[in-house]
Amino acid sequence: MTKPPRPRPLLQDGDKPVRSRPRKPRDPAQPNLPLDPMPDRIDPCLALLKARPPKGDDWVYEIKWDGYRLSVHVEPTGIRILTRGGHDWTDRFPAIKQAALWLPVGTAILDGEAVVLDEQGRSDFGLLQQSLGGRGGKKSSSDAIFMAFDLLYFDGHDLRNSELDMRRHLLEDLVPAGVQGDIRLSEQIEADGDQLLASACELGLEGIIAKRRSAPYRPGRLGDWVKVKCVQSDSFAIVGYEISMAARGHLGSLLLAARKGADLVYVGSVGTGFKDSEAWKLRGLMDRIKRKTPAIKYAGRRKNVVWLQPSLIAEVEYRAWTDDGKLRHSSYKGLRDAQDEAVICEMD
């Protein structure tokens with residue numbers, strides 16, 4: 001268990017720290033400050049995918065983390081850790097829960113990403129899934145850390161209508177930069193967006209996020225946050241698999257589909273990225289959802305294809321799309337959990 005970080009004052013006025021809880025009883029002659037009710041759950045602000053970073057003084061950048069989006073609620077009755085879809089995963093992240101208890105604040109809601117870092121300090125979605133027992137697993141992860149990048153509620157005050165710079169100012173006092181605990185600050189980077197993206201790609205990172213300094217916190221993909229990826233990655237429905245006796249789990253490749261309007265359309269296959277244990281576990285899951293006919297229009301000539309109900313969602317990396325709408329240079333990263341509210345890639 002990580003040692004608790006030394007609490008530090010959130011705001012300084014000379015040598016007198018302003019604390020989140022007063023040491024002396026409130027003077028009855030002083031008026032009560034209005035407090036905002038604490039939201040039970042907040043729909044997240046999502047990043048809009050763009051090919052290039054936006055430019056201008058109103059934009060600031062962060063590293064893009066590859067994990068599970070979470071909100072950490074510090075409440076009077078304890079800690080709650082919620083997924084993007086609102087599922088309570090508090091018990092699955094005991095180290096993050098304990099770190100939240102140590103935060104020097106009465107009430108708060110932090111927005112961020114649960115990640116597991118590799119030996120080079122890069123977030124690795126596969127390692128995170130393994131630490132949680134895979135898709136549908138019930139294991140708790142003490143390896144996961146929480147990279148906090150926004151503060152939505154603070155000591156009785158709803159901050160969603162405040163601009164990003166104000167929210168970050170308070171967050172950086174609550175989670176100081178450089179502290180290597182189980183809750184860490186996702187640091188903002190003052191740089192040229194194109195140069196930062198190039199550096200991120202050279203280091204093998206997933207990409208960068210650009211955020212508008214003056215924007216309030218608004219749910220959905222409204223363009224206040226923009227993501228630019230080094231390698232493209234999206235979620236696809238698994239609609240079948242090709243049997244190969246020479247491959248791990250006898251799994252030659254997965255047949256994938258994206259959404260086009262109300263329909264699923266075939267977008268090609270992925271046959272790399274599987275580890276031995278994952279391949280056999282995946283094969284076991286797929287063999288429970290076989291069907292006789294494909295869930296898509298399919299005119300291919302693959303042999304030994306087993307068709308599936310499109311209920312499993314794979315996260316897949318790829319370099320580009322072909323002219324006829326197929327994935328190029330694809331690699332399997334892992335299965336998305338249903339409670340992660342994975343959204344199947346949508347095609348134009």
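1. For the aromatic groups discussed here, rings of Phe, Tyr and Trp, the last taken by its six-membered ring, are paired if their centres lie within 6.5 Å. In this predicted model, Y68, W89, F93 and F125 form one aromatic cluster on that basis, and the count of aromatic pairs comes to 11.

2. Within that cluster, the pair of Y68 and W89 is edge-to-face, because the ring centres are 5.4 Å apart and the planes stand at 85 degrees, where over 60 degrees is the requirement for that class. Y68 belongs to strand β5 (residues 68-75), while W89 lies in the loop between β6 (78-83) and α1 (94-102), so the pair ties together parts that are 21 residues apart in sequence. Both Y68 and W89 are buried. A charged residue also meets this site, since R92 lies over the face of W89, at 4.6 Å from the ring centre.

3. A further pair, Y318 and W321, is likewise edge-to-face, because its ring centres are 5.5 Å apart and its planes are at 70 degrees. The burial of the two partners deserves separate mention: Y318 counts as buried at 1% relative accessibility, whereas W321, with a relative accessible area of 28%, is partly exposed.

4. Another charge placed over a ring is found at W225, where the charged end of K211 sits 3.9 Å from the ring centre.

5. Turning to the cysteines, a search of the whole structure finds 1 disulfide, formed by C201 and C230 with their sulfur atoms 2.1 Å apart. The torsion about the S-S bond of C201 and C230 is about -95 degrees, so the disulfide is left-handed. C201 lies in helix α4 (residues 193-202) and C230 in the loop between β12 (225-229) and β13 (232-243), so this pair ties together parts that are 29 residues apart in sequence.

6. As to the surroundings of individual cysteines, C201 is partly exposed, with a relative accessible area of 33%. By contrast, C45 is buried, with a relative accessible area of 2%, and C345 also counts as buried, at 10% relative accessibility.

7. For the chain as a whole, there are 5 helices and 21 strands, and 48% of its 348 residues count as buried. Among contacts between residues at least 6 apart in sequence, 69% join residues at least 24 apart. The chain exposes about 18,000 Å², of which carbon and sulfur atoms supply 49%.

How values were computed
Residues numbered from 1 in each chain as written. Predicted model: local features only at pLDDT ≥ 70, side-chain atom pairs only at ≥ 80, totals over all residues. Heavy atoms only, no water. Phe/Tyr/Trp six-rings, centres within 6.5 Å; stacked < 30°, edge-to-face > 60°. Helix = DSSP H or I, 4+ residues; strand = E, 2+ residues; numbered from the N terminus. Buried < 20%, exposed > 50% of the residue type's maximum accessible area, 1.4 Å probe, protein only. Lys NZ or Arg CZ within 6 Å of the ring centre and 35° of its normal. Contact = heavy atoms within 4.5 Å. Areas by Shrake-Rupley, 256 points an atom, 1.4 Å probe, with all protein chains shown as cover. Disulfide = S-S within 2.5 Å.
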